[in-house]
Amino acid sequence: MISVTRRNVLTRAAVAAVGFPMIVSGHYRLNAAVPRAYSKRAVDVVRQSLVIDMLAPLKIEADLSFSTAPISARDAREFLSSGITGFHHSSGLGGPNAYQDALTYLATWGNFVARNPHVFCAIGSVADLVQAKADKRCGVIMGLQNAEQFRGPDDVKTFYEIGLRCAQLTYNSQNLIGSGSTDRVDGGVSDFGEAIVKAMNNTGMLIDVSHSGDRTTLDAIALSPKPIAVTHSNCRALVDHPRCKTDEAIKSLAAKGGVMGITGVRNFVSKTEPTNVGTIVDHIDHVVKLVGIDHVGIGSDADLNGYDDTSPAFNKRLRESYKASYAFRDRIDTDGFDQPLKIFNLTEELIRRGYSNANIGAILGGNFRRLLTSTWGS
């Protein structure tokens with residue numbers, strides 16, 4: 001017997017790469033099995049926008065067999081129908097073997113992308129993202145959610161040359177660069193960290209402070225002459241959580257031209273129910289009201305199917321790997337943002353809130369495109 005899970009249902013409901021099988025009262029039902037019909041406006045906005053998810057690991061629970069085997073037809077359909085062009089594929093690596101582990105990570109996933117050219121292409125520039133959109137392929141931006149792989153400033157260029165385009169300065173805990181969001185004390189960016197920031201600017205690698213502590217975040221923004229990113233975080237004014245950013249940080253980020261990606265991790269979105277796509281857009285609204293439309297984007301912090309579809313053993317290990325301050329709830333994903341068509345759900349909510357097509361396009365990827373251009377060049 002085949003078990004019926006949310007992913008089984010949504011996989012059958014995945015959009016074909018082209019075409020709209022059903023049109024109902026001016027709405028597109030992207031597949032006959034999809035329970036929701038999307039408005040023509042939402043479908044058009046997504047298809048016309050360069051959608052960039054600035055924290056979108058290709059597969060959360062991926063063993064060696066996944067990354068070394070050809071992609072399945074089911075997974076290929078999910079990626080190609082998602083509406084997302086830019087996937088920032090990034091993981092948190094650290095510890096004494098960070099340098100070698102990072103090399104292995106980039107080689108393994110780079111090969112996965114290269115072996116599946118009918119679905120993916122490697123992204124090294126903004127022009128590559130534009131071409132991926134034209135080719136109807138998924139562009140993969142290689143990133144790391146830590147910077148312990150940089151043994152010194154010279155390593156930044158080495159990693160850039162083998163494909164790394166974005167790195168967080170710290171994960172949740174202290175390293176030689178600065179402090180993480182769950183550290184008891186935040187000493188800010190160190191002298192060594194300042195040298196890494198300079199090297200990343202000179203090389204053209206995007207600086208990310210999503211998991212950094214409050215002082216480290218502000219120091220990095222101040223030290224970097226180029227705008228930097230918070231690729232995946234939410235607003236502490238709405239949810240008091242160490243992984244959410246203060247209004248001070250958001251204002252400082254925006255003042256330098258940076259962009260903040262809003263995530264769908266449930267405990268960062270809300271502490272109470274309901275926790276749904278509308279609650280995610282509350283965070284987008286907050287950033288827009290605080291600093292303007294030009295400084296907010298999407299960084300979902302999950303793969304297309306989310307965390308709650310992973311195996312019980314993996315889910316348990318994941319929860320146990322974080323400090324108690326993370327305060328995971330029964331579910332990790334946010335309702336409606338836990339499936340391959342989540343960008344369409346988000347777009348419908350942005351339309352309902354009265355956002356213009358141009359502003360929706362900026363949120364879906366236009367703002368991160370601008371930021372990447374300022375960091376990488378065209």
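**Pocket, strands and rings**

Me: How much space lies in the largest pocket?

Reply: This is a predicted model, in which local features need pLDDT of at least 70 and side-chain atom pairs count only at pLDDT 80 or more, while totals for chains, interfaces and linings use all residues. Residues are numbered from 1 along each chain as its sequence is written, and side-chain values use heavy atoms, with hydrogens and water left out. A pocket is an open set of points on a 1 Å grid over the protein atoms alone, with protein on both sides within 12 Å along at least five of seven lines, and a volume is the space filled by probe spheres set on points that are joined across faces, edges and corners. For the largest pocket this space is about 870 Å³.

Me: Which element gives the most to the lining of the largest pocket?

Reply: The lining, meaning residues with an atom within 4 Å of a point, holds 39 residues, and the closest to the pocket's centre are Ser 91, Gly 92, Tyr 171, Leu 318 and Tyr 322. Two or more residues come from each of helix H3 (64-68), S5, H5 and helix H13 (312-320), where helices (H or I, at least four residues) and strands (E, at least two) are DSSP runs numbered from the N terminus. With four residues, the element that gives the most is H5.

Me: Which residue stands opposite Ser 91 in S7?

Reply: Ser 91 belongs to strand S5 (residues 86-91), which is mostly covered, as five of its six residues are buried, that is, under 20% relative accessible area with a 1.4 Å probe and protein chains only, whereas exposed is over 50% and partly exposed lies in between. Strands pair if DSSP finds at least two bridges between them: S5 runs parallel to strand S4 (residues 52-53) over two bridges, with Ile 52 opposite Gly 86. S5 also pairs with strand S7 (residues 138-144) in the parallel sense over six bridges, and there the partner of Ser 91 is Leu 144.

Me: How many residues apart in sequence are the parts that Tyr 38 and Phe 344 tie together?

Reply: Aromatic pairs, of which the whole structure has 11, are rings of Phe, Tyr and Trp (its six-membered ring) with centres within 6.5 Å, stacked if the planes are under 30 degrees apart, edge-to-face if over 60 and tilted otherwise. Tyr 38 and Phe 344 form a tilted one, at 5.6 Å centre to centre and 45 degrees between the planes. Both residues are buried. Because Tyr 38 lies in strand S3 (residues 38-39) and Phe 344 in helix H14 (residues 342-352), the pair links parts whose separation in sequence is 306 residues.

Me: At what distance from the ring centre does Arg 151 lie over the face of Tyr 99?

Reply: Tyr 99 also forms an edge-to-face pair with Phe 159, at 5.7 Å centre to centre and 90 degrees between the planes. Since Tyr 99 sits in helix H5 (residues 98-115) and Phe 159 in helix H7 (residues 154-161), this pair joins parts 60 residues apart in sequence. Tyr 99 is partly exposed at 24% relative accessibility, whereas Phe 159 is buried at 0%. A charge counts as over a ring if NZ of Lys or CZ of Arg is within 6 Å of the ring centre and within 35 degrees of the ring normal, and for Arg 151 over Tyr 99 the distance is 3.6 Å.

Me: How far apart are the C-alpha atoms of Phe 79 and Cys 138?

Reply: Phe 79 lies in helix H4 (residues 73-81) and shares one aromatic cluster with Phe 87, Trp 109, Phe 112 and Phe 120. Its relative accessible area of 4% makes Phe 79 buried. Although Phe 79 and Cys 138 are 59 residues apart along the chain, their C-alpha atoms are separated by 7.0 Å.

Me: What is the volume of the largest cavity?

Reply: A cavity is a set of grid points where a 1.4 Å probe fits but cannot get out, and there are five of 30 Å³ or more. The lining of the largest one includes Asp 301, Phe 337 and Lys 342, and Lys 342 lies over the face of Phe 337, at 5.2 Å from the ring centre. The volume of this cavity is about 50 Å³.

Me: What value does phi of Asp 301 lie near?

Reply: Asp 301 is placed in the loop between strand S12 (296-298) and H13, and counts as buried at 9% relative accessibility. Although this residue is not glycine, its phi is positive, near 65 degrees.
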